[in-house]
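Here are a few friendly notes to read alongside the model. Take them one at a time, and keep the viewer open as you go.

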Amino acid sequence: MDNMLLCNYGSVYSCSWLAGWRTRSSRGCKAGWRGAVADQATVVQLPHNGALQSGLLLHLLPLLPAAAAACTVMVLLPPQLAVKAIAAGDETVLADARRIGQYEPGAAVDDAADLAGRLFHTTYMGTVNSSADTRSRAKALAQQIGAYHVDCSIDSLVGCVVALFTAITGKTPRFRVDGGSSAENLALQNIQARLRMVVAFLLAQLLPWVRGRGGFLLVLGSANVDETLRGYLTKYDCSSADINPIGGISKADLRRFLRWAALHLGYSALAGVEAAPPTAELEPLREGMPPQSDEVDMGMSYEELGLFGRLRKVTRCGPVAMFRQACQVWRDAYTPQQAADKVKHFFKFYAINRHKATVLTPSYHAESYSPDDNRFDHRQFLYNAAWPWQFKRIDQLAAALPQQQQQQQQQRHKCQAQQR
């Protein structure tokens, strides 16, 4: 039987996403975030197949989803509970902790903070576009969870890549705020995101060596299901990793989990993380200009993305059927034309970015509308992003609906008058 570490979480969290890890509980298995209360011990089995040699590494940008991923790890592998089990004489947990933490033979495993620093590594790779608030929140979170933290800047690396492009083409790309085009602006953002992934894997391979240990670290991803559905991620950025503990979880559930963790797990830094507006911080900060916002960039809210995801996957709606459903859901909030614009906007970017789902990092599925096409959603990944027939039909329905609604309202008034 595989060795085990104890972890504590209210609802039993099935962690088959973690390279073969499994949970066992006397209460059976029930996955989910909601209604969690920290009163239950769950056994986490760790395989001896070499997948987990020296611990885990997580890049703390973007901070909100990364913080949720970090808390997920600490919920599944709480060092405090492991040390408590070791003190109670559990030889299996002791052997597991010594193997992964790479303790010296005979060394005592009685310090939860030391064990956390051996198991979990975090890094913050900022640029001139990163805010001081985000950097300080990342550092505070790493300290509270006890992770071995690396804080660095990758501006020199970004500058080298831009300089290489300039040497090759004779042109220097600029951000939009500096007069650059949309293509230049997006490319400069993607350079930062992809370089962070490259450096994260470099750290995962060499941090154990730096610390005088062997093996390598597993890299954790932090892309959530809503952003993946919309395609609001850079291919081969922080979404690319060895495993992704939050890849099948919605943004709304992640925020609820952070609020719960800040209150029940003692990680007070999470309150500031959850309250801050979601932002990638990949564009320059200019005085008098609003900071970059995820929802503004996407052209839709996370609440709307959740609705689109459920209608697309659970209800099996295409563009026209989704428009009909959205008109019912939003009848008091948006006109038919506004609903049509939102649905068409979603399907346009869903079609353009669907190819990104083919290279998603393996993740635990906690939502019914995950777009992961490797294991969960085997729909096609090549679409006509113009959706010519569907969008034309939506426009026809949107134009006709106001008149139909007016006729229905007149008919209701007529019936009410006759009843009087």
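1. Let us begin with a term: two strands are said to pair if DSSP finds at least two bridges between them. Please keep in mind throughout that this is a predicted model. With that in hand, look at strand S4 (residues 56-59) and strand S5, which run parallel and are joined by four bridges. One of the residues to look for is Leu57, whose bridge partner in S5 is His121.

2. Now turn to the other pairing of interest here. S5 also pairs with strand S6 (residues 148-153), again in the parallel sense, and six bridges are found between S5 and S6. In this pairing, Met125 of S5 stands opposite Cys152 in S6. To get from S5 to S6, the chain passes through helix H5 (residues 132-145), and this β-α-β crossover is right-handed.

3. How many residues of strand S5 (residues 120-126) are buried? Seven of its seven residues are, which makes S5 a mostly covered strand. Try following the side chains along S5: Phe120, Thr122, Tyr124 and Gly126 point one way, while His121, Thr123 and Met125 point the other way, and the residues on both sides are buried.

4. Next, find His59, which lies in strand S4. Is His59 buried or exposed? Its relative accessibility is 7%, so His59 counts as buried, since the cut-off for buried is under 20%. The side chain of His59 reaches the backbone oxygen of Thr123 at 3.2 Å. Setting aside residues up to four places away in sequence, His59 touches Ala66, Thr123, Tyr124, Met125 and Arg196.

5. Ile154 sits in the loop between S6 and helix H6 (155-169). Ile154 has a relative accessible area of 4% and is therefore buried. What does Ile154 contact, leaving aside neighbours within four places in sequence? The residues are Met125, Gly126, Thr127, Gln192, Leu195 and Arg196. You can also check the spacing between Ile154 and Val199: these residues are 45 apart along the chain, and their C-alpha atoms are separated by 9.0 Å.

6. Finally, a word on cysteines. A disulfide is a covalent bond between the sulfur atoms of two cysteines. How many disulfides does a search of the whole structure find? The search finds zero. Two cysteines are worth a look for their surroundings: Cys160 is exposed, with a relative accessible area of 52%, whereas Cys317 counts as buried at 6% relative accessibility.

Conventions:
Residues are numbered from 1 along each chain as its sequence is written. This is a predicted model: local features need pLDDT of at least 70, side-chain atom pairs count only at pLDDT 80 or more; totals for chains, interfaces and linings use all residues. Side-chain values use heavy atoms; hydrogens and water are left out. Buried means under 20% relative accessible area, exposed over 50%, partly exposed in between (1.4 Å probe, protein chains only). Helices (H or I, at least four residues) and strands (E, at least two) are DSSP runs, numbered from the N terminus. A crossover is right-handed if, with the strands pointing away from the viewer, the path from the first strand over the helix to the second runs clockwise. Contact means heavy atoms within 4.5 Å. A polar contact is a pair of N or O atoms within 3.5 Å; within protein, one must be able to donate a hydrogen and the other to accept it, and residues adjacent in sequence count only if both atoms are side-chain atoms. A disulfide is a pair of cysteine sulfur atoms within 2.5 Å.
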